[in-house]
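Colleague: I should like to go through this model with you by question and answer. Please begin with its internal spaces.

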Amino acid sequence: MIEQKENVFVISTENTSYMIGILDTGHPVHLGYGPLVDSVPSMETLYGRVRPNIGTAAYWDEEHRDIFPANLPLEYSTPWRGDNSEPAVIVEYGNGCTALDLLYRGHRIYRGKDTSFPASVPDSEGAETLELELSDSVLPISLYLSYTVFPSSDVIIRSARIVNGTDEAALLRSIASMQLDIPSDGWELVTFDGAWARERYEHRRPLLPGVTAVGSRLGCSGNEHNPLIYLENGRGEVYGFNLIYSGCHRECIDVSPFGRTRVLTGINPYGFSWRLMPGESFSAPEAVMTYSRSGREKAVLSFHSFINDHIVSGYWKGRERPVLLNSWEASYFSFDEERVLSLAEAGKELGIELFVLDDGWFGKRTDDTKGLGDWYPNRDRFPCGMGKFAEKIRSMGLMFGIWMEPEMVNFDSDLYRSHPDWVIALPGRKPLPCRHQYILDLSRQEVREYIIDAVSSVIDESGAAYIKWDMNRTFTDLFSYGSMGTAGELMHRYILGLYEVMGRLKERYPKVLFEGCASGGNRYDLGMLLFMPQIWASDNTDLHDRVMIEEGTLMGYPQSTMGAHVSASPGHQSLRVSRIDSRFSVAAFGAFGYELDVSALSDDDKESVRDEIAFYKKYRKVLQFGEFRVEHVSPNQRFWYSTLGKTTVAAEIQTLNEVHTGRLDRLRLPCAADGKMYRVTARKERIPESSGAAGGMTEDFSIEVSGMVLREYGAALGPQFTGNGFAEGTRILGDFGSRLYVIEEV
Ligand code: DGJ
């Protein structure tokens with residue numbers, strides 16, 4: 001709901017309110033973002049009548065000697081007019097100046113939302129938007145700030161659009177999607193950072209005076225810093241931010257000397273510039289934000305439901321994802337049709353629903369040095385072509401899926417030999433290679449058409465129900481031979497081009513399940529999720545590393561979006577040895593599958609896989625679409641919960657088995673309700689003989705407990721094996737061990 005009373009606007013979601021006031025000078029100021037208000041507060045209440053004096057800072061004018069821009073909580077800031085913190089927008093106009101005063105001119109409140117940006121929350125039904133029109137006090141440069149709410153979501157969507165109304169070209173140097181100025185209140189910044197194979201590890205740091213920034217300069221949202229961030233004050237208050245964008249982004253927090261903490265998110269200004277001709281406008285990508293008064297858990301749930309309800313759209317919205325078997329870690333580049341068919345058969349036997357043929361099926365691609373871009377089947381491997389091969393897979397009763405990397409080209413490929421000018425390259429320099437490949441310039445229409453045709457013909461020929469869309473390098477050598485764009489525009493034009501391609505393919509093949517991938521999680525963001533309902537979280541499938549990767553990912557993105565597979569032991573990335581059931585318990589909290597040679601498993605492990613798949617199918621809706629919660633008991637032990645309706649699947653996850661602790665683990669359920677009874681049951685697993693135990697199945701565990709007790713005290717799980725033998729009920733978890741429990745409200 002959006003209300004206005006005099007010069008105060010209140011934008012409310014189900015549980016939160018965001019308030020803006022307009023000063024009589026026209027400055028739009030932030031009045032607060034917090035719990036839902038019961039009425040529209042007055043300006044005087046929240047802004048005050050008399051404002052503190054700031055020593056050496058400039059004030060607005062002689063009539064407003066208490067308006068110090070250096071101390072104003074602005075909705076959107078500009079340089080060189082008294083506000084010395086990081087500005088939201090820098091535009092260089094006519095005479096090379098960048099100073100602007102963006103003052104209130106008008107507003108409109110309307111049903112729906114603007115969906116003109118190519119990666120924009122698509123459904124405007126039920127949405128309500130406040131658009132503030134600001135313009136400079138001297139030049140006809142305007143800025144439109146929009147704030148959209150959906151009735152049942154605790155998320156606000158923000159964006160900004162600038163219009164050059166002057167009769168000269170202007171150069172946009174930076175434009176934030178949103179600014180939030182809040183009182184400095186002991187905030188800590190939580191970010192999700194990493195690199196290849198260790199994406200989105202959570203980090204926390206105090207925010208001290210000055211600028212703290214994370215972001216990406218990689219050409220994609222990147223594995224170094226995800227656009228998801230939180231500000232937390234340790235007293236239960238949490239702000240969460242994310243960006244609907246897949247390119248270079250920046251999250252910048254500037255703590256001023258006068259108690260103002262400014263949050264800016266948007267396109268990374270690094271290397272960015274955009275020429276705005278007279279009359280032209282530029283729209284920044286949409287940002288999303290949420291507020292919680294009761295800790296991060298609520299903020300996470302708000303983001304999850306927002307993504308499931310409003311970011312993922314079309315056929316796969318809310319639809320259960322198939323259990324897949326991917327060929328990559330089973331055979332890498334060494335396979336032929338026969339080997340792949342026997343892998344698929346073994347998978348079908350165990351309950352797999354979708355078989356995915358990964359890299360190596362096309363052109364001369366027998367290793368990663370060649371063939372990328374030549375999207376026709378390798379006839380040595382698939383003599384009858386992809387159509388016939390896919391038919392064989394389908395005749396086993398499996399869906400067929402296939403891998404592509406459409407944005408890239410190997411320099412040893414027919415495509416590169418015929419179109420060397422299609423790649424991103426600087427004049428007179430050879431582009432830097434990465435995995436023996438170059439990047440196709442998606443800012444060019446003919447390249448976009450080529451990609452759409454290439455992907456369409458693969459889907460048409462094979463009837464693929466699933467495409468794994470990979471992208472395996474970061475960007476260098478920014479220059480475009482073909483587009484109108486300057487180097488400063490290229491990165492953004494590339495992303496706009498990518499959105500056009502994905503949008504048209506999604507429209508043409510609405511039922512095809514696209515899974516985004518970029519060497520694992522190098523492009524895990526809301527922009528990709530608008531077009532591809534799930535993303536391969538990481539090339540690292542090691543169960544211990546995956547706990548951090550998945551938990552970091554789930555702090556901003558729901559389980560349904562997160563590709564998570566069980567692969568071999570020892571793990572190919574870590575050489576860690578682990579039980580297949582423990583690997584399953586961690587991977588089960590995502591869009592689940594296997595990525596190993598299932599035909600080579602021991603009979604016991606095959607039985608385990610069969611049971612795992614059956615369990616996953618039974619609780620798939622809960623695991624993919626449930627409310628996700630985490631509880632850290634100690635650095636060595638944590639619990640994950642996914643709750644839908646009356647059912648919760650919980651995982652106990654431990655790092656190392658601790659010997660002789662005398663500890664009795666308890667399973668709690670943080671969302672258990674008073675006055676209700678719950679039954680807690682352990683998932684039965686096979687005990688490998690190698691564990692030193694007699695083999696057989698794990699102990700029976702089933703108990704009924706009241707909601708209050710389960711929430712506050714927990715149910716005792718029985719002792720773990722800690723070095724002094726087995727007794728009845730001894731549980732075996734071992735190092736990196738995890739175990740699933742089902743909790744049903746009875
Ligand atoms: C990187 C992906 O993340 C892997 O899963 C696999 O598809 C390889 N590329 C194939 O080259």
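Colleague: By class, how many residues of each kind does the lining of the second largest cavity have?
Modeller: On a 1 Å grid over the protein atoms alone, a cavity is a set of points where a 1.4 Å probe fits but cannot get out, and its lining residues have an atom within 4 Å of a point. Ala, Val, Leu, Ile, Met, Phe, Trp, Tyr, Cys and Pro count as nonpolar, Asp, Glu, Lys and Arg as charged, and the others, Gly among them, as polar. By these classes, the lining has eight nonpolar, three polar and one charged residues.

Colleague: Which pLDDT do local features need in this model?
Modeller: Residues are numbered from 1 along each chain as its sequence is written, and side-chain values use heavy atoms, with hydrogens and water left out. The model is predicted: totals for chains, interfaces and linings use all residues, side-chain atom pairs count only at pLDDT 80 or more, and local features need pLDDT of at least 70.

Colleague: Which strand gives the most to the lining of the second largest cavity?
Modeller: Strands are DSSP runs (E, at least two residues) and helices likewise (H or I, at least four), numbered from the N terminus. Strands E10 (170-183), E16 (249-255) and E17 (260-267) each supply at least two lining residues. With four residues, the largest contribution comes from E17.

Colleague: What volume has the largest cavity?
Modeller: There are six cavities of 30 Å³ or more. A volume is the space filled by probe spheres set on the grid points, which are joined across faces, edges and corners. The second largest cavity has about 80 Å³, and the largest has about 100 Å³.

Colleague: In which sense does H7 pass H8, left-handed or right-handed?
Modeller: The axes of H7 (residues 445-462) and H8 (residues 487-508) come within 10 Å and cross at roughly 30°; they are lines fitted to C-alpha atoms over the stretch in contact (heavy atoms within 4.5 Å), with angles from 0 to 180 degrees between N-to-C directions. A crossing is left-handed if the near helix is turned anticlockwise from the far one by less than a right angle, and right-handed if clockwise. The crossing of H7 and H8 is right-handed.

Colleague: Which strands stand at the edges of the open sheet of four strands?
Modeller: Its order is E1-E2-E3-E4, with antiparallel pairing, where two strands pair if DSSP finds at least two bridges between them. Two strands have a single partner each, so one side of each is left without a neighbour: E1 (2-5) and E4 (28-35).

Note on methods: 1 Å grid on protein atoms, 1.4 Å probe; cavity = no way out; pocket = protein on both sides within 12 Å on 5 of 7 lines; lining within 4 Å.
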